[in-house]
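Here's an informal walk through one chain, meant to be read with the model open beside it. Have a look at the picture first, then come back for the details.

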Amino acid sequence: MKKTTSGSKEGKTEDSPSRLIDARIKELSDWRGETLARVRTLIKQADPDVVEEWKWRGVPVWSHAGIICTGETYKNVVKMTFAKGAAVDDPSGLFNSSLDGNTRRAIDFHEGEKSDEEALKALIRAAVTLNASRTHG
């Protein structure tokens with residue numbers, strides 16, 4: 001019998017989502033890996049109960065009462081896509097990608113860019129609150 005608690009805790013299986021995300025960060029071995037690692041840390045700081053998942057053939061996903069965001073890596077960008085970003089308040093204007101859709105919003109991180117970490121954590125918490133509100137009513 002497999003007990004599931006918080007996905008941020010590393011399981012004993014070799015291919016747990018957390019270990020797969022660790023491996024992705026390590027395999028990138030450049031600014032993209034550092035950026036993905038930093039984003040991951042901020043997500044965990046903003047929501048200690050976050051669950052890490054690995055979906056769609058290799059995309060890190062962070063969930064709490066539904067998907068909060070994904071962390072895709074491309075050649076020139078690390079993209080943090082918020083599943084329900086269009087419904088999340090973004091007072092600091094962090095969303096800079098996927099702005100035309102009705103549901104998702106994304107933040108593209110480029111090499112050398114600094115991000116407002118407190119604003120990012122606030123955005124993550126707002127996404128968690130939105131998810132939680134939709135499951136309780």
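In which strand is T81 found? T81 belongs to β4. Keep in mind throughout that this is a predicted model.

**Starting from T81**

Is T81 buried or exposed? The relative accessibility of T81 is 8%, and buried means under 20%, so T81 counts as buried. The side chain of T81 has a partner: a polar contact of 3.2 Å links it to the side chain of E72. Leaving out residues up to four places away in sequence, T81 touches I68, C69, T70 and E72, along with R104, R105 and A106.

**The overall layout**

Zooming out, the chain has three helices and five strands. Going along the sequence, the order is α-α-β-β-β-β-β-α. Of the 137 residues in the chain, 44% are buried. As for contacts with a separation of 6 or more, 50% of them are between residues 24 or more positions apart.

**The nonpolar core**

In soluble globular proteins, nonpolar side chains tend to end up buried together. Here the largest nonpolar core has 28 residues, and the ones with the most contacts inside it are I43, I68, M80, F82, I107, L120 and I124. Which elements give two or more residues to this core? They are α1 (17-28), α2, β3 (67-73), β4 (78-82), β5 (105-109) and α3. The largest share, seven residues, comes from α3.

Two of those names are worth following up. I124 lies in helix α3 and is buried, with a relative accessible area of 0%. Setting aside neighbours within four places in sequence, I124 is in contact with L42, I43, A46, I68, M80 and F82. How far apart are I124 and I43 in sequence and in space? They are separated by 81 residues along the sequence, yet their C-alpha atoms are 6.6 Å apart. I43, with residues up to four places away again left out, touches V50, W62, C69, M80 and I124.

**A pocket to look at**

Rolling a probe the size of a water molecule over the atoms shows where empty space is left. The second largest pocket holds about 280 Å³ of space. Its lining has 15 residues, and T35, R38, E113, K114 and S115 are the closest to its centre. Both α2 (31-46) and α3 (117-135) supply at least two residues of that lining, with α2 giving the largest share, six residues. What is the lining made of, by class? It has six charged, five nonpolar and four polar residues.

**Two serines with positive phi**

Most residues other than glycine have a negative phi. S29 and S98 go the other way, and here they are side by side.

| Residue | Phi | Loop | Relative accessibility |
|---|---|---|---|
| S29 | near 45 degrees | between α1 and α2 | 62% |
| S98 | near 55 degrees | between β4 and β5 | 34% |

Why does S29 count as exposed? Exposed means over 50%, and S29 has a relative accessibility of 62%, so it counts as exposed. S98 has a relative accessible area of 34%, so it is partly exposed.

Key. Residues are numbered from 1 along each chain as its sequence is written. This is a predicted model: local features need pLDDT of at least 70, side-chain atom pairs count only at pLDDT 80 or more; totals for chains, interfaces and linings use all residues. Side-chain values use heavy atoms; hydrogens and water are left out. On a 1 Å grid over the protein atoms alone, a cavity is a set of points where a 1.4 Å probe fits but cannot get out, and a pocket is an open set with protein on both sides within 12 Å along at least five of seven lines; lining residues have an atom within 4 Å of a point. Grid points are joined across faces, edges and corners, and a volume is the space filled by probe spheres set on the points. Helices (H or I, at least four residues) and strands (E, at least two) are DSSP runs, numbered from the N terminus. Ala, Val, Leu, Ile, Met, Phe, Trp, Tyr, Cys and Pro count as nonpolar, Asp, Glu, Lys and Arg as charged, and the others, Gly among them, as polar. A nonpolar core is a set of buried Ala, Val, Leu, Ile, Met, Phe, Trp, Tyr and Cys residues joined through side-chain atoms within 4.5 Å. Buried means under 20% relative accessible area, exposed over 50%, partly exposed in between (1.4 Å probe, protein chains only). Contact means heavy atoms within 4.5 Å. A polar contact is a pair of N or O atoms within 3.5 Å; within protein, one must be able to donate a hydrogen and the other to accept it, and residues adjacent in sequence count only if both atoms are side-chain atoms.
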